[in-house]
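This report reads one protein model from its charged pairs inward to its core. The sequence and the structure come first, and the description follows.

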Amino acid sequence: MKLPKLSADQTQDAASHRSLSTWLKHHKKLLIAMAIIFAAVGVFFWQKNRASKAMSGALDYQYVRTTVLKSDSFNDSVTVTGTVRSGDEADVTVSDAAKTCKVATVNVEVGDTVQEGDVIATLDTSDLESQLKSARQSYSDTLAQAQTSYDRAVDEYNTATVQHENNLIDLQAKIDDAEQNLSDAEDALSAAKSNRDAAQSTYDAANADYNTISAAYEQACSSISTFTDALNTAADAQNSAITALNAAIAAYNADGSEANRQAMNDASAALAQAQQNYADAQNELTQAQNSCSVSSMGLYSFSEIERAWTTAGQTRSSAESALNQADNAVESAENQVESCESQLKSAHDSYDNEKNYSNIKSRAQSVEDAKTKLEQAQRKPDNLTT
């Protein structure tokens, strides 16, 4: 606030002015203090007057008090009426959530001076502490449950992984065994086929020999067939003569008449002739048989040819039996190979199924899900933050 200007009739003469200047120089500090006080009082009344105008809205003019300055003495004290307050003021606020809390203590009184960090008042936070405890417990329980679920999922995954790896080792061993069994079966089949081929060759040779000797035997039989027939006829006649003689003897024994005796003698003579005829036929047949020969085979009699034919037949039968056994062995070996191939395929399928074990995938997914839930549970919930 500026001081009012001096009027012309209030001006002093030069001497008086110099005297005032001298006094002012000696009381410069006092004048400065008075000026500050006057300025403060002027500001106070100016603010008060402006506030009165704002409230009433009816004043459109103001009175200005003036006074005439004159040379006088000044006192060293000034009495001023007004309210002294700090130039720095601040409102104290709390969060909306805390506004519902009761005030527990007030640590200052009106007019007290406070510094930054001083506790002005305390609130009753028992309800908040209870809510905070409950929220923390809920958060802790949720986190512990999520951690437990995650640990369990990891343990189950690790257990399943170990079991999975052990199963793969066992199944690989089964594959190796099945491959070895198949290899052995294939070797056995190869050996069986070789044996069958050898048996086939043996049979073919025995059959060829038999066919050759059979032809020679049939030819020999044909060459002596006349003598064989004659021998058979002589044998039949001899048998008939024996029968007739036995009948004549029986008749003579029953009736020893001359006629029966003569009949017995005639029957005996007939038998003797029949026996001679049989012996002659036998000799002729023997000569014919001895004349048979197959020089290419080293056979020089019918009995040798017949013996060779019998032996060839037996050899062929044995070769045929061996061939049949070889065929059966090949068939059995082929079945074994098919069985081993099936077992090998089954072992590979089991290994592939275990390798793509869906349970491992589901366990891994469970771990991922549990990890996600654990990460979510580790985030501080809104109610705890509030």
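Lys345 and Asp349 form a salt bridge in which the closest N and O atoms are 3.0 Å apart. Both residues belong to helix α6, where a spacing of 4 residues corresponds to about one turn of the helix. Lys345 counts as exposed at 55% relative accessibility, whereas Asp349, at 32%, counts as partly exposed. The model is a predicted one, and the distances and accessibilities given here are computed from it.

The salt bridges in this model number 4, and three of them are set out below.

| Pair | Closest N and O atoms |
|---|---|
| Lys345 and Asp349 | 3.0 Å |
| Glu156 and Arg363 | 2.9 Å |
| Arg196 and Asp327 | 3.9 Å |

The salt bridge between Glu156 and Arg363, with its closest N and O atoms 2.9 Å apart, joins two helices: Glu156 lies in α3 and Arg363 in α7 (residues 358-378), so the pair ties together parts that are 207 residues apart in sequence. Glu156 is partly exposed at 34% relative accessibility, and Arg363 is likewise partly exposed, with a relative accessible area of 27%.

In the salt bridge of Arg196 with Asp327, the closest N and O atoms are 3.9 Å apart. Because Arg196 lies in helix α3 and Asp327 in helix α6, this pair ties together parts that are 131 residues apart in sequence. Arg196 counts as partly exposed at 27% relative accessibility, and Asp327 is partly exposed with a relative accessible area of 30%.

The wider fold consists of 8 helices and 2 strands, which follow the pattern α-α-β-β-α-α-α-α-α-α when read along the sequence. The protein has 386 residues, of which 18% count as buried.

Within this fold, the largest nonpolar core has 17 residues, and those with the most contacts inside it are Ile213, Ile224, Cys292, Phe302 and Ile305. The elements giving two or more residues to this core are α3, α4 (225-254), α5 (258-291) and α6 (302-355), and α3 contributes the most, with 5 residues.

Helix α3 spans residues 126-223 and also contains Ser214, which counts as buried at 9% relative accessibility. A polar atom of the Ser214 side chain lies 2.6 Å from the backbone oxygen of Tyr210.

Helix α5, in turn, holds Gln276, a residue that counts as partly exposed at 43% relative accessibility. The C-alpha atom of Gln276 is separated by 8.9 Å from that of Gln238, although the two residues are 38 residues apart along the chain.

The cysteines form no disulfide, the count being 0. For Cys221, the closest cysteine sulfur is that of Cys292, and the separation of 8.2 Å is too far for a bond. Cys221 is partly exposed, with a relative accessible area of 25%, while Cys340 is buried, with a relative accessible area of 2%.

At the surface, Val103, Val106 and Leu123 make a nonpolar patch of about 250 Å². Val103 lies in strand β1, which covers residues 103-106, and this valine is exposed, with a relative accessible area of 53%.

Conventions: Residues are numbered from 1 along each chain as its sequence is written. This is a predicted model: local features need pLDDT of at least 70, side-chain atom pairs count only at pLDDT 80 or more; totals for chains, interfaces and linings use all residues. Side-chain values use heavy atoms; hydrogens and water are left out. Buried means under 20% relative accessible area, exposed over 50%, partly exposed in between (1.4 Å probe, protein chains only). A polar contact is a pair of N or O atoms within 3.5 Å; within protein, one must be able to donate a hydrogen and the other to accept it, and residues adjacent in sequence count only if both atoms are side-chain atoms. Patches are made of residues with over 30% relative accessible area and no salt bridge: like charges are joined within 9 Å, nonpolar side chains (Val, Leu, Ile, Met, Phe, Trp, Tyr) within 5 Å. Accessible areas come from the Shrake-Rupley method with a 1.4 Å probe; for residues, only the protein chains shown count as cover. A salt bridge is a side-chain nitrogen of Lys or Arg within 4 Å of a carboxyl oxygen of Asp or Glu. A disulfide is a pair of cysteine sulfur atoms within 2.5 Å. A nonpolar core is a set of buried Ala, Val, Leu, Ile, Met, Phe, Trp, Tyr and Cys residues joined through side-chain atoms within 4.5 Å.
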